[in-house]
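Q: I've got a new model open and want a quick walk through it. Can we take the helices, then a few strand residues, then the pocket?

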Amino acid sequence: MNTNNSIAVIGLGYVGLPLALAFSKQYSVIGFDNSKNRIERLLNYQDDTREVDELELRNVSNIVFTSCPNLISKATVFIITVPTPVDENKEPDLSILSSATELVGK
């Protein structure tokens with residue numbers, strides 16, 4: 001797949017994975033997650049969040065799943081879908097979001 005002029009979805013959890021798959025129906029998509037284990041599971045048609053079933057993952061096209069940050073540099077649109085957990089004071093922990101934006105900024 002030509003990854004030029006593609007959409008990069010950063011974070012393939014319960015929000016990012018379905019979003020990446022929906023976009024892949026019309027666009028080239030780079031699905032990025034920093035967890036190599038998560039990428040391996042998706043490449044083996046297994047979604048631990050249970051948002052997407054095995055059949056849907058087997059039939060997906062137009063998408064590349066990766067944990068290689070260099071590959072997302074080929075995208076022209078970036079969508080960040082990473083968690084922002086809340087601490088005991090009900091304050092969001094933005095460190096994961098900050099890391100993701102730094103990754104995209106590079």
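Q: Start with helix α2. Which of its residues are buried?
A: This is a predicted model, so treat what follows as computed from it. In α2, residues 36-43, the buried ones are Arg38, Ile39 and Leu42.

Q: Where do they sit around the helix axis?
A: Looking down the axis of α2, they fall within an arc of 100°, so they line one face of the helix.

Q: Why would that spacing work?
A: An α-helix has 3.6 residues a turn, so residues three or four places apart point the same way.

Q: What covers the buried residues of α2?
A: The cover includes two helices, α1 (16-23) and α3 (54-58). It also includes strands β2 (29-32) and β3 (63-66).

Q: Anything odd in the backbone there? What about tyrosine 45?
A: Tyrosine 45 comes just after α2 and has a positive phi of about 65°.

Q: Over to α1. Which residues are buried there?
A: Gly16, Leu17, Ala20 and Leu21. They cover an arc of only 130° around the axis, which puts them on the same side of α1.

Q: And what do they pack against?
A: Strands β1, β2 and β3, plus helices α2 and α3.

Q: Now the strands. Where is glycine 31?
A: Glycine 31 is in strand β2.

Q: Is glycine 31 buried or exposed?
A: Buried. Its relative accessibility is 0%.

Q: What does glycine 31 touch, beyond its neighbours within four places in sequence?
A: Val9, Leu12, Ile39, Ile63, Val64, Phe65 and Thr66. Ile39 is also one of the buried residues of α2.

Q: How far is glycine 31 from leucine 17?
A: Their C-alpha atoms are separated by 7.6 Å. Along the chain they are 14 residues apart. Leucine 17 is one of the buried residues of α1.

Q: You listed Thr66 as a contact. Which strand holds threonine 66?
A: β3. Threonine 66 counts as buried, at 9% relative accessibility.

Q: What is its side chain doing? Which backbone atom lies 2.9 Å from a polar atom of threonine 66?
A: The backbone nitrogen of cysteine 68.

Q: Which residues does threonine 66 contact, leaving aside those within four places in sequence?
A: Ile30, Gly31, Phe32, Asp33, Ile39 and Leu71.

Q: Next, serine 6. Where does it lie?
A: In strand β1, residues 6-10. Serine 6 is buried, with a relative accessible area of 0%.

Q: What does serine 6 touch?
A: Not counting residues up to four places away in sequence, there are two stretches. One is Ser28, Val29 and Ile30. The other is Lys74, Ala75, Thr76 and Val77.

Q: And how far is serine 6 from isoleucine 63?
A: 9.4 Å in space, C-alpha to C-alpha. In sequence they are 57 residues apart.

Q: Last topic: the largest pocket. What is its volume?
A: About 380 Å³. Of the 17 residues that line the largest pocket, the closest to its centre are Gly11, Asn34, Val82, Pro83 and Ile96.

Q: Which element gives the largest share of the lining?
A: Helix α4, residues 95-105, with four residues.

Q: What classes of residue line the largest pocket?
A: By class, 10 are nonpolar, five polar and two charged.

Note on methods: Residues are numbered from 1 along each chain as its sequence is written. This is a predicted model: local features need pLDDT of at least 70, side-chain atom pairs count only at pLDDT 80 or more; totals for chains, interfaces and linings use all residues. Side-chain values use heavy atoms; hydrogens and water are left out. Buried means under 20% relative accessible area, exposed over 50%, partly exposed in between (1.4 Å probe, protein chains only). The arc is that of the directions from the helix axis to the C-beta atoms. Contact means heavy atoms within 4.5 Å. On a 1 Å grid over the protein atoms alone, a cavity is a set of points where a 1.4 Å probe fits but cannot get out, and a pocket is an open set with protein on both sides within 12 Å along at least five of seven lines; lining residues have an atom within 4 Å of a point. Grid points are joined across faces, edges and corners, and a volume is the space filled by probe spheres set on the points. Ala, Val, Leu, Ile, Met, Phe, Trp, Tyr, Cys and Pro count as nonpolar, Asp, Glu, Lys and Arg as charged, and the others, Gly among them, as polar. A polar contact is a pair of N or O atoms within 3.5 Å; within protein, one must be able to donate a hydrogen and the other to accept it, and residues adjacent in sequence count only if both atoms are side-chain atoms.
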